[in-house]
Amino acid sequence: MGLDLIQTRRSFHRIPELGFQEHKTQALILNTLESFSAGERLSIKTWKTGVLVFIRGTQPENHKTKAYRTDIDGLPIQEETGYDFCSEHEGNMHACGHDFHMTIALGVIERLIADPPEHNVLVIFQPAEEGPGGALPMLKSSEFNEWRPDEIMALHVAPEYPTGTIATREGLLFANTSELFIDLKGKGGHAAYPHLSNDMVVAASHFVTQIQSIVSRRIDPLDSAVVTIGKVTGGTKQNIIAETARIEGTLRALDPKTMDQIKRSIKAHLVGIEASFECDAEIDFGSNYYQVYNHSQPTSDFIDYCRSSNYPLVICKEAMTGEDFGYFLKDIPGFMFWLGVDSEAGLHAAKFKPDENALHMGVEIVTGYLKKAF
Ligand SMILES: CC(=O)N[C@@H](CCC[C@H](N)C(=O)O)C(=O)O
């Protein structure tokens, strides 16, 4: 095979781009596809900054289509891996393994061109998984619907598992998510005259502390939920009382009803903050991702395939991570699985260093399953 998986991954790793800005990434995908010289076997379409690749099966009368979806965006993280192929885009990094997911997708396409199955295969390069979410608008697009698949799969790298280990389960795999953005506006002033101002740094601090009790006091202990504030900004200088503050976070719940409860509680706390600090608050729940729920039949087919191929397999627990791949699974039968990449630093960490040996394993596993008749 001609594609050098490690060099391809490193090329993607150098150019991480944020959601719907993946122009260089899209060009690299298209150039690599062109180098395959696949002729009639391959049809390619772009959708926004994404790419759709249709691989025609050998039996034209069999119109069923299986699909593999990869995400393609990076994260706003300053890389600290020390790699000599580290990010050339200051402040952005592939810290969630999408460089791996894309490379595996290209390796799979190359393998399927050389030895196609009877049925058709669609490979989806989807933008903006980390936000604002590319899956939902892609699912509604005419480009996608013209090649709409009958079954779909995706993988996510997993730093906590040994390289090449597959982890999955039937049913719920990933949580429901919602972003959270809150803007507080009060009255700024001189640091020495606090009684004449409404300090938004103090208001934001109270709010962040108060909402820590939502999971422990508003959610049934038998449910699972997360309220994480990842960023707080406010004020202008150490001796000026802050007129504004911004709070950014993410909410997670295994049950959509629990997510509704968290949102109600957050709004209630915010009303209290507005009253007690005499300030204005604006709330925006940003993008929301539907849970990743693995369909029973394709997941058990995949588990059987892994067992019969002697791949290391773990039937894992659910995780509080989110993925807009959940929207694909809401509409189309399929499943997602974790692929072990054995990194000491975890996902979304500046030192995340997945083991590149997982690349050829990923290609092997995905190609083998996509070729299986269904
Ligand atoms: C696998 C993974 O890490 N996914 C992200 C998805 C982000 C969803 C959204 N932008 C949010 O922040 O809520 C995750 O953070 O789980």
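Helices (at least four residues) and strands (at least two) are DSSP runs, numbered from the N terminus. The model used in these exercises is predicted.

**Exercise 1. Place Ser37 in the chain and describe its backbone.**

Step 1. Look for the elements on either side: helix H2 covers 23-35 and strand E1 covers 42-47. Ser37 is in the loop between them.

Step 2. Read the phi angle of Ser37, which is near 40 degrees. This is a positive value in a residue other than glycine.

Step 3. Set this against the general rule: most residues other than glycine have a negative phi.

**Exercise 2. Find which residues a cis peptide bond joins, and locate Pro132.**

Step 1. The cis bond joins Gly131 and Pro132, with omega about 0 degrees. In general, most peptide bonds are trans.

Step 2. Pro132 belongs to the loop that runs between strand E4 (120-126) and helix H4 (135-140).

**Exercise 3. List the residues around the ligand and sort them by class and by domain.**

Step 1. Take residues with a heavy atom within 4 Å of the ligand. They are Cys96, Glu129, Glu130, His156, Thr177, Glu179, Thr250, Arg252, Tyr289, Thr321, Gly322 and His348.

Step 2. Sorted by class, this shell holds 4 charged, 6 polar and 2 nonpolar residues.

Step 3. Domain 1 (5-172 + 291-371) and domain 2 (176-288) each supply at least three residues of the shell.

**Exercise 4. Identify polar contacts of the ligand, then state how far the protein covers the ligand and which pocket holds it.**

Step 1. Use a cut-off of 3.5 Å between N or O atoms.

Step 2. Start with nitrogen atoms of the ligand. One lies 2.7 Å from a backbone N or O atom of Glu130, and a ligand nitrogen is 2.8 Å from a polar backbone atom of Gly322.

Step 3. Turn to oxygen: a side-chain N or O atom of Thr250 is 2.7 Å from an oxygen atom of the ligand.

Step 4. On its own the ligand has 410 Å² of accessible area, and the protein covers 90% of that.

Step 5. The ligand takes up the space of the largest pocket. Strand E8 (176-185) and strand E12 (244-253) are the elements that give two or more residues to the shell around the ligand.

Methods
Residues numbered from 1 in each chain as written. Predicted model: local features only at pLDDT ≥ 70, side-chain atom pairs only at ≥ 80, totals over all residues. Heavy atoms only, no water. Polar contact = N/O pair within 3.5 Å; in protein donor to acceptor, adjacent residues only side chain to side chain. Areas by Shrake-Rupley, 256 points an atom, 1.4 Å probe, with all protein chains shown as cover. 1 Å grid on protein atoms, 1.4 Å probe; cavity = no way out; pocket = protein on both sides within 12 Å on 5 of 7 lines; lining within 4 Å. Sits in = over half its atoms within 2 Å of the grid points. Nonpolar A, V, L, I, M, F, W, Y, C, P; charged D, E, K, R; others polar. Domains from an automatic or database assignment.
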